[in-house]
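User: I should like to learn how the features of a protein model are read, one at a time. Could we work through an example together?

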Amino acid sequence: MLGKQKGKADMVSSEDGSQKTEARTLKTPLSKDDVLNLKIGDMVLINGLVVTGRDKVHKFLAHEKPDKKDIPFELYGGIIYHCGPIIKKVDDTYKLIAASPTTSMRVEMYEADVIKAYGIRGIVGKGGMGEKTLNAIKEYGCVYLHTISGAAAYLADRIKNVRDGWKIEEFGAPEAMWLLEMEDFPAIVTMDAAGNSLHKDIEKISLTKLKRLFLEKRESE
Amino acid sequence: MLKLRDGIIELYKKVATSIPGDVEDALKTAYSNETEHLAKESLDIILQNIKIARTTSRPICQDTGFPVFYVKVPKGLSHQLVRDIIMDATRIATNKIPLRPNAVDVITEKNTGDNVGDYFPFVYTEETEEQSLIVDLMLKGGGCENLGQTYKLPAVLTFGDKEAIAERDFDGVRKCILDAVFKAQGRGCPPYTIGVAIGGAKDQVAFLSKKQLIRRIPDIHPNAAIAELENKILNDINRLGIGTAGLGGITTAIGIKIATAHRHPASYFVDISFSCWANRRGRLIW
């Protein structure tokens, strides 16, 4: 499943000890081919610049549709990280304290439009997203990457620096768009461009088990 | 009262940057028991993160939550004074630790920047016969808070293309909880700790279900019937297969704590509060 991809110079596999699964290195910006080569269950290490965006950013991008030139960061081929980090301003630089993902499902109604309008190739978040986003991921060539929720210190240590921020005052620090530089930031592909979703699979399995648990009492009576 | 303010700032720091021993032990057990690969790797990172946060004094999670205080105030001490000190301590702790500013004004949509706003933090006070002031603080994550559910029994629960009836009995309660956990999936950072209250008023059960999250994981309910129900439901939840991070696994919840309150004949509420794996709580005795 994690076989090396020939002819993909920006995507190399690395072995991280005998017990660990082989993880692929991703470097932003991502090409459509980068994304098409990823499958659910793949472990990746993200490198390069990504932007954060959560509730307010998504509502703004989907409704106001700001022109690309009015957004200070390049979004095309980029990754949006669903995260409201803790960032402390020390003199003129931003210091990242903690940064794990927020629940992605809250931006389900906006994400498909954002992927389409801004050429987003990757979403990093937690808990997965719904049908609308899954269809957009498939149609436009994107990928959803689940990362470890609540592991905020661990993940902050895999972000080299905070380059800049946008809409800090207007949206508030947790909801601003931050430009972060990731270094071997770990994530798992849970929704891929072929239309597979690990979240959907787990939901299906748990529904079968729920049915059994609901019927249990009646059978024992 | 400067000392109390400093004590509360320290409490904030302890609660934000470490998790209680009983929760960490439960997560270690979950790690040892786990057989699913992605869940095990996730738990490994979670346990590493707990260590890093503790040793570097950084918040465990960037969402340092909605601060909820349960305070027992000795006779003669002003409850309002205690509230004022908590607000003061919150402002200082936000800047010092730092905490993420989470108080957003619903009218202007502006973040206050210091975690203080209308009913924010939320402070419950009650009088105690004791000589000491007892302050319990919970930093309640927003993702798991959103998964909370209130059921009015009897209720029709739909699952897939089928329906199940939750009647006014413990089996009905069990079904509601399973329904809530199924709906939650991995969106609120499992393995969860789940607080439940059964009673007759909407605000009563909402208050009680969340307050159960401060009970320790190994704590056994004094009523044998409820203790048995807690065990039974925990066992059922962990058969759903949602697992750590919702990517499949054998531990979906590490604890479930149920409270009961007398109900009105017309009403039978079941309220469910979720905590993410990072159930951050702590106590200051002053």
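**Reading the features of a two-chain model**

Analyst: Let us begin with a single residue: B:A245 is buried, its relative accessible area being 5%. This is a predicted model. B:A245 belongs to the loop between α8 (224-237) and β8 (253-260) of chain B, and its phi is near 65 degrees, a positive value in a residue other than glycine.

User: Which residue of chain A, in the loop between β5 (86-90) and β6 (93-98), may be set beside it?

Analyst: A:D91 occupies that loop. Its phi, near 55 degrees, is also positive in a residue other than glycine. A:D91, however, is exposed, with a relative accessible area of 71%. A further positive phi, of about 45 degrees, is taken by A:K65 just after α2(A).

User: Where are the cis peptide bonds of B:P154 and B:P191 placed?

Analyst: For a cis peptide bond, one reads omega and then the location. The bond between B:L153 and B:P154 is cis, with omega about 0 degrees, and B:P154 sits in the loop between β4 (149-152) and β5 of chain B. The bond between B:P190 and B:P191 is likewise cis, with omega about 10 degrees; B:P191 is in the loop between α6 and β7 (192-199) of chain B.

User: How many bridges join strand β5 to strand β6 of chain B?

Analyst: Five bridges join β5 (residues 155-159) to β6 (residues 162-166), and the two strands run antiparallel. Within this pairing, B:T158 is opposite B:E163 of β6(B). The two strands make a hairpin with two residues between them, and B:G160 in the turn has a positive phi of about 60 degrees.

User: How many salt bridges does the structure hold, and how is a single one to be read?

Analyst: There are 32 salt bridges over all chains. For each, one asks how far apart the closest N and O atoms are, where the partners lie, and how accessible they are. A:E181 and A:K160 form a salt bridge whose closest N and O atoms are 3.5 Å apart. A:E181 is in strand β10 (residues 177-191) of chain A and A:K160 in strand β9 (residues 159-166), so this pair ties together parts that are 21 residues apart in sequence. A:E181 is buried at 15% relative accessible area, whereas A:K160 is partly exposed at 48%. Another salt bridge links A:E170 to A:K167, with 3.0 Å between the closest N and O atoms; A:E170 is partly exposed, at 40%.

User: Why might two residues four places apart in a helix be suitable partners?

Analyst: An α-helix has 3.6 residues a turn, so residues three or four places apart point the same way. In this model, B:K28 and B:E24 meet in a salt bridge of 3.7 Å, N to O. They are four residues apart in helix α2 (residues 21-33) of chain B, and about one helical turn separates them. B:K28 is partly exposed at 41% relative accessible area, while B:E24 is buried at 9%. Elsewhere, salt bridges that share partners join A:E216, B:D171, B:R174, B:K175, B:K232, B:D236 and B:R239 into one network.

User: What else does B:E24 touch, leaving out residues up to four places away in sequence?

Analyst: Its contacts are B:I19, B:L47, B:I50 and B:R54. With B:R54, the side chain of B:E24 also makes a polar contact of 2.8 Å.

User: How many residues make up the largest nonpolar core?

Analyst: In soluble globular proteins, nonpolar side chains tend to be buried together. Here the largest nonpolar core has 89 residues, and those with the most contacts inside it are A:I46, A:Y81, A:L145, B:I194, B:I272 and B:F274. Helix α6 (residues 170-184) of chain B gives the most to this core, with eight residues. Beyond its neighbours within four places in sequence, A:I46 contacts A:L26, A:V124, A:L145 and A:F185, among others. A second, separate core of 28 residues includes A:L75, A:I120, A:L134 and A:I137.

User: Which residues of helix α2 (residues 55-64) of chain A are buried, and what do they pack against?

Analyst: The buried residues are A:K56, A:V57, A:H58, A:F60, A:L61 and A:A62. They pack against β4 (79-81), α3 (108-118), β9, α6 (168-171) and β10 of chain A. As for the whole chain, chain A has seven helices and 10 strands, and 60% of its 221 residues count as buried.

Key
Residues numbered from 1 in each chain as written. Chains lettered and ligands numbered in written order. Predicted model: local features only at pLDDT ≥ 70, side-chain atom pairs only at ≥ 80, totals over all residues. Heavy atoms only, no water. Salt bridge = Lys/Arg side-chain N within 4 Å of Asp/Glu carboxyl O. Buried < 20%, exposed > 50% of the residue type's maximum accessible area, 1.4 Å probe, protein only. Core = buried A, V, L, I, M, F, W, Y, C linked by side-chain atoms within 4.5 Å. Contact = heavy atoms within 4.5 Å. Polar contact = N/O pair within 3.5 Å; in protein donor to acceptor, adjacent residues only side chain to side chain. Pairing = 2+ DSSP bridges.
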